[in-house]
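Please look over the fold below with an eye to how its sheets are built and how its helices are placed against them.

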Amino acid sequence: MDKTSYDAIVVGGGLAGLMAAHEIAVSGYKVAVISKVFPTRSHSSSAEGGIAAYIQGNSDPNDDPQYMTYDTVKGGDYLVDQDAAELLSMKSGEIVRIMESWGTLFNRQPDGRVAVRYFGGQTYPRTRFVGDKTGMALLHALFQRVSGLNIDFYNEWFALDLIRNDKKIVGLVAMEMKSMEPTFFKTKAVVMATGGMGMLYAHSTNAYINTGDGYGMALRAGAALKDPEFVQFHPTALYPSDILISEAARGEGAILKNNKGERFMTKYAPKKLDLAPRDIVSRSIITEVKEGRGFPGGYVGLDLTHLGEEYIKERLALAYEAALNFAGVDATKEPIPVRPAQHYYMGGIDVDITGTNYDLIGLFAAGEAACVSVHGANRLGSNSLLETLVFGRETGKTVVKFLSSANESSESLDKEAEKIVDEAYSFTKSESGVHFGVVLNKLRETMWENIGIFRDENGMKTGLSEIIKLREMAKNMYVTDKSKTYNTEFFNALELRNMLDLALVIANAAINRTESRGAHYRTDYPERDDKNWLKHTIAYLRGNTVEIGYKPVKITKWQPEARVY
Ligand SMILES: Cc1cc2nc3c(=O)[nH]c(=O)nc-3n(C[C@H](O)[C@H](O)[C@H](O)COP(=O)(O)OP(=O)(O)OC[C@H]3O[C@@H](n4cnc5c(N)ncnc54)[C@H](O)[C@@H]3O)c2cc1C
């Protein structure tokens, strides 16, 4: 097997990965970015509505980073680590200014200041945007910036597994996707910036590449996931394709209506209405549909028509185009059909405020792959782009500090690397058994049906036993394509392995938490229970068993209070 060596490896070429790589590279360390797609095709590029930021002299005169932190803490149903949320708010203005100076052309107000729009759960409007293609604008600017640095890019390379010596990371194995040839990357530090896991659910706004590989790799290496039971569902995915209709639409004034033409959010969130946080709006839509006030097929309408054609086409161009091209609906004339779909993962690799994992020396994580935790039980819209950049940067700086004293492991662990590759190749060797696609589809349906928006013990236990069965079935998994050239089926099977590991952890943690908080809503335990559950779940995967422990939530200023909107 080929071997190469770097001071640090960043897995992931989205916003978090590129920002971390930037910090490491400018400090003169030898760093590589491994990404299974060309970096600008990462899911960050599909982010639409914007990036939250308090900008001194540019924000509402009544606003303050404290309010931003408070909104984030309350939005996250008090499971947020408040020191992390404070850092996020404090650094938000600076990061937007940096991205602006690197070439992101934010929309402007008539007087030249950076424009803002409201997003769900905000006391004052704070979301900065580039039309409704904000992620694309940020990622292209950042990629251009890092392209000038001394970073080796391994694009269309697939990271398989971490290699460690006892508790210390010594490298990872990755494969070139064009040839299926593996390489052992020796390194002192790995930053997991592998993004989310939406493909685990039958309905998701995520890209097909969001398969939770980083969570799987971290779990198998013995690192914990924090709060894995918290999965966000976005209320407005286009029916039936599940393409996201950004929260920006409601931020600009769009209204949700049922089949009677009623603005039903008046019932569920009398003050914040359509701009209540996502967990609340998603449950409201499902309730309307269940009680017979949805449209056939199970959706409601998102009405933009009163905003006017010119405004819609300028501010919400992507929403307009998606509705027209994928649902045949002209949003300037009639409501867009929408329903909830999986959107974001609040859980993630357990790291502290510096991006350092607690379990393995040399493992770091940033972006959606990590759980710092700034989002707690429910992320506020436009806080994720912000997190990728703020904590991508913090994590990069942490790695630089770590490298200044880390020494290279003398262990070569070639056997470990070979074992990883042999296991992976096994899918291409068998001719019979179960096709990976069968397992994948069943898994996605199971997660959607049983560990979705509304949860209860019976449903989740049914889901868990199905997941256990699917994991058994997957041992005899095969792929029909036996070629070595761009064998996408093979890599899909590897992704599925990560998804199966993650699913087991999510199901166990969700059954274990006997309360409702944020996106984890249990019909059998409908209340939040701060006495017993104001704590983070810490979950390890030991073979086929999930081991659950807890960590306290860091509270600096804001004691839990009722979450009403
Ligand atoms: C449709 C949509 C709209 C959104 N809109 C907004 C918004 O307006 N505002 C907001 O704040 N948030 C938004 N979000 C959320 C936000 O975009 C993401 O959480 C964030 O961009 C994730 O960035 P990341 O850098 O962590 O990961 P990503 O951008 O997802 O990048 C992950 C990277 O990891 C690589 N990778 C993964 N697995 C492997 C592997 N095994 N081997 C090698 N490479 C691997 C991929 O190639 C990719 O480069 C949106 C999300 C979606 C899906």
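The report that follows takes two sheets and one helix in turn.

## The five-stranded sheet

In this predicted model, five strands make up an open sheet of mixed pairing, in the order 16-14-9-19-20. Its edges are strand 16 (370–371) and strand 20 (545–552), each of which pairs on one side only. Strand 9 (residues 225–226) is joined to strand 19 (residues 535–542) in the antiparallel sense over two bridges, and within strand 19 the bridge partner of lysine 226 is isoleucine 538.

Helix 5 (residues 213–221) packs on this sheet, where it touches strand 9, strand 14 (348–350) and strand 19, and its direction makes about 35° with that of strand 14. Helix 15 (residues 488–512) also packs on the sheet, touching strand 9, strand 19 and strand 20, with its direction at about 55° to that of strand 20.

## Helix 12 and its cover

Helix 12 (residues 414–429) has 16 residues and spans 22 Å from its first C-alpha to its last, close to the 22 Å expected at 1.5 Å a residue. Its buried residues include Ile420, Val421, Tyr425 and Phe427. Among the elements that cover the buried residues of helix 12 are strand 7 (168–176), strand 8 (182–192) and helix 15.

## The four-stranded sheet

A further open sheet holds four strands in the order 10-13-12-11, with antiparallel pairing; strand 10 (231–238) and strand 11 (255–257) are its edge strands, and the twist averages 45° from one strand to the next. Strand 10 pairs with strand 13 (residues 336–345) over six bridges, and leucine 238 has valine 338 of strand 13 as its bridge partner.

Helix 8 (residues 278–290) lies across strand 10, strand 11, strand 12 (300–303) and strand 13, and runs at about 60° to strand 10.

How values were computed. Residues numbered from 1 in each chain as written. Predicted model: local features only at pLDDT ≥ 70, side-chain atom pairs only at ≥ 80, totals over all residues. Heavy atoms only, no water. Pairing = 2+ DSSP bridges. Contact = heavy atoms within 4.5 Å. Axes fitted to C-alpha atoms, helices over the stretch in contact; angles between N-to-C directions. Expected span 1.5 Å × (residues − 1). Buried < 20%, exposed > 50% of the residue type's maximum accessible area, 1.4 Å probe, protein only.
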